[in-house]
Amino acid sequence: MEKLPDKFLWKALKEGDLNAFSVLFESYYPDLHSYGLKISKNTALTEDTLQDFFLYVFEHKQNLSDLDTIAPYLFTSYKRFLLKVMKKNNKLTRTDFPEDTFVDLQFTAEEIMTEQETTIFRNKNLSVLLNKLPSRQKEAIYLKYYSGLKASEISEIMGINYQSVINTLHKAIKSLKEEMAIIKLFKL
Amino acid sequence: MIKKQYNTINDFLEDVSFKNWALQNNGTDINFWEFWIANNPEKNELVNKAKDLVLGVSFNKDLVSKEKVAFEWKKLEAKIQEKTKTKIKAPKAKVIFLRKFSAAASVLLIMSLGFYFLSSTAKITHKTNFGEILNIKLQDGSDVTLNSNSRLSYYKNETRRVWLSGEAFFQVDKKIVTQAKFWVITKDLSVEVYGTSFNVSTKKEKTAVFLEEGNIWLKLKNGADKKMIPGNYISYSAEENKILEDKNIFNPIIKTSWKDGSLLFENLSLEKAMEKIEESYGYSIVFKDDNSKDILITGAVPITNIDICIKAIEKSTGVLIVKKENDLIISKK
């Protein structure tokens, strides 16, 4: 399936259409903001880098390749952009920071919805269990259920194939369910 | 329901009706899948696995507000404009044939060519404030009525592709010779048109389209296409990735009366009616008691004069409405 509006937006942006760029900005800013905040845990840094990142995209619009869906490009490039800045800042303050683009996302209890009808997990401890998952699984969970991306888009962002995304997600859900069952057992 | 093979987990995951069942969204799909699962017990494990994946983890999303996004965009826009201002170069124009004219005349011509070049790709934006309606005639002959607090923009050389936020009523001129289509693009979808009249509204995290006559295609942001026939009213949210409303409206005036300067209510609760007032005039609505919310209202109120509007609502519902700064406070008399 092709995403027509995305394709249009991208084409119009490449032609220098500021209006198309504003639509793009409005539709992706909130999710990129959350994503940046999750990675950096720093609002000011997230917002500064988002400004610089979008300015960078607009200034280099002629060099952008044709895209059918924009989300994978924006998520991947912004993450790289943000990590670069974080690394630079960290070098200046001389603290430890992993060398590769390794991100370990952390979830809080407030972020998890427990009252909804159609949810598998109704336990307030879910965030604790989530945080114990391997970082790849956490990232896949975040991109799928928080950012609402499709598996095909996540596969581009994480650099793994479609089936691996499905497997990673399933593995994560499965171990959450198992952990949950154990907790319940002990409570009895 | 399409009878097809479900052999791998992907077959389920890519199936819209399966998703609807997992999320308990759609009655027909729920019935179908309950029947299907009972008749295919060997697929139970696969079904449960796929269901888990569809449901996943439910997050309380804490996204930045619309106002914040608008603020950040203004900041970025200013930076972009600052940069492009310093970079504008004179447009290249082939002027060899101009040699027969005198130097002065050719300079004049180059200047006007340059002006033409610049102006033909210039972006034109029409904006309305609260309580304001604007009639726009596009270069191709199409008529647009822009509702209050809305924005319509397009390029001067491409007036058959317009961007909309807010609400507008379109009467698109058929281009019989070129068969050229007309496009309306919003954050949720784009409308593909070939001569017709319809209403597009992007209020409150969704885009709603009402087709008065002719036929149009919606291209939703999730990639799906949707054909509309006259009387259809469809609203879609890209954020929730679903069609919120899909119904027929037999009294089209209800959806389009705003363009003639009035809002029509037909047995609408006061709460819903006041939402419309909020959208048109930009006031926040405060109900002092819950009973007043359920009063039904039928009638027409103006959308460019708040005082007359308040009086009309007070008269037909018997409540008291007080205008205070940016609030409309509603209480029993």
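The legends below describe close-up views of a predicted model with chains A and B.

**View 1. Helix α2 of chain A is bent at A:Y29.** The helix covers residues 18-40 of chain A. Its axis turns by about 45° at A:Y29, and within four residues there follows a proline, A:P30. The distance between the end C-alpha atoms of α2(A) is only 29 Å, whereas a straight helix of 23 residues would span 33 Å at 1.5 Å a residue. Beyond α2(A) comes A:K41, with a positive phi near 55°.

**View 2. A:K41 occupies the loop between α2 and α3 of chain A.** The loop lies between α2 (18-40) and α3 (43-59). Most residues other than glycine have a negative phi. A:K41 is not a glycine, yet the phi of this residue is positive, near 55°. A:K41 counts as exposed because 11 C-beta neighbours lie inside 10 Å, and the limit for an exposed residue is 12 or fewer.

**View 3. Chain A and chain B meet in a contact to which both chains give residues.** Chain A contributes 41 residues and chain B contributes 33 residues. On the side of chain A that touches chain B, the elements giving two or more residues are α1 (4-14), α2, α3, α6 (135-146) and α8 (162-187) of chain A. The largest share of this side, 11 residues, is supplied by α2(A). By residue class, the side of chain A that touches chain B comprises 22 nonpolar, 11 polar and eight charged residues. The bent helix of View 1, α2(A), is thus shown here as part of the contact.

**View 4. Chain B combines helices and strands.** Chain B contains nine helices and 19 strands. Its length is 333 residues, of which 27% count as buried. Among the contacts in chain B with a separation of 6 or more, 43% join residues 24 or more positions apart.

**View 5. Strands β2 and β3 of chain B form a hairpin.** Strand β2 comprises residues 134-137 of chain B and strand β3 comprises residues 143-146. The two strands pair in the antiparallel sense over four bridges. One bridge joins B:N135 to its partner B:T145 in β3(B). Five residues separate β2(B) from β3(B), and in the turn B:G141 has a positive phi of about 100°.

**View 6. Strands β16, β19 and β18 of chain B form an open sheet.** The three strands are arranged in the order β16-β19-β18, and their pairing is mixed. The edge strands of the sheet are β16 (284-287) and β18 of chain B, each of which pairs on one side only. On average, neighbouring strands of this sheet are turned by 25° against each other, direction ignored. The pairing of β18(B) with β19(B) is antiparallel and extends over six bridges. Within this pairing, B:I321 has B:I330 in β19(B) as its bridge partner.

**View 7. B:E325 lies in the loop between β18 and β19 of chain B.** The loop joins the stretches assigned to β18 (319-324) and β19 (327-332). Although B:E325 is not a glycine, its phi is positive, about 50°. B:E325 counts as exposed because 6 C-beta neighbours lie inside 10 Å.

Definitions and conventions: Residues numbered from 1 in each chain as written. Chains lettered and ligands numbered in written order. Predicted model: local features only at pLDDT ≥ 70, side-chain atom pairs only at ≥ 80, totals over all residues. Buried ≥ 20, exposed ≤ 12 C-beta atoms within 10 Å, placed from the backbone. Contact = placed C-beta atoms within 7 Å. Expected span 1.5 Å × (residues − 1). Bend = angle between axes of the 7 residues up to and from the residue. Pairing = 2+ DSSP bridges. Axes fitted to C-alpha atoms, helices over the stretch in contact; angles between N-to-C directions. Nonpolar A, V, L, I, M, F, W, Y, C, P; charged D, E, K, R; others polar.
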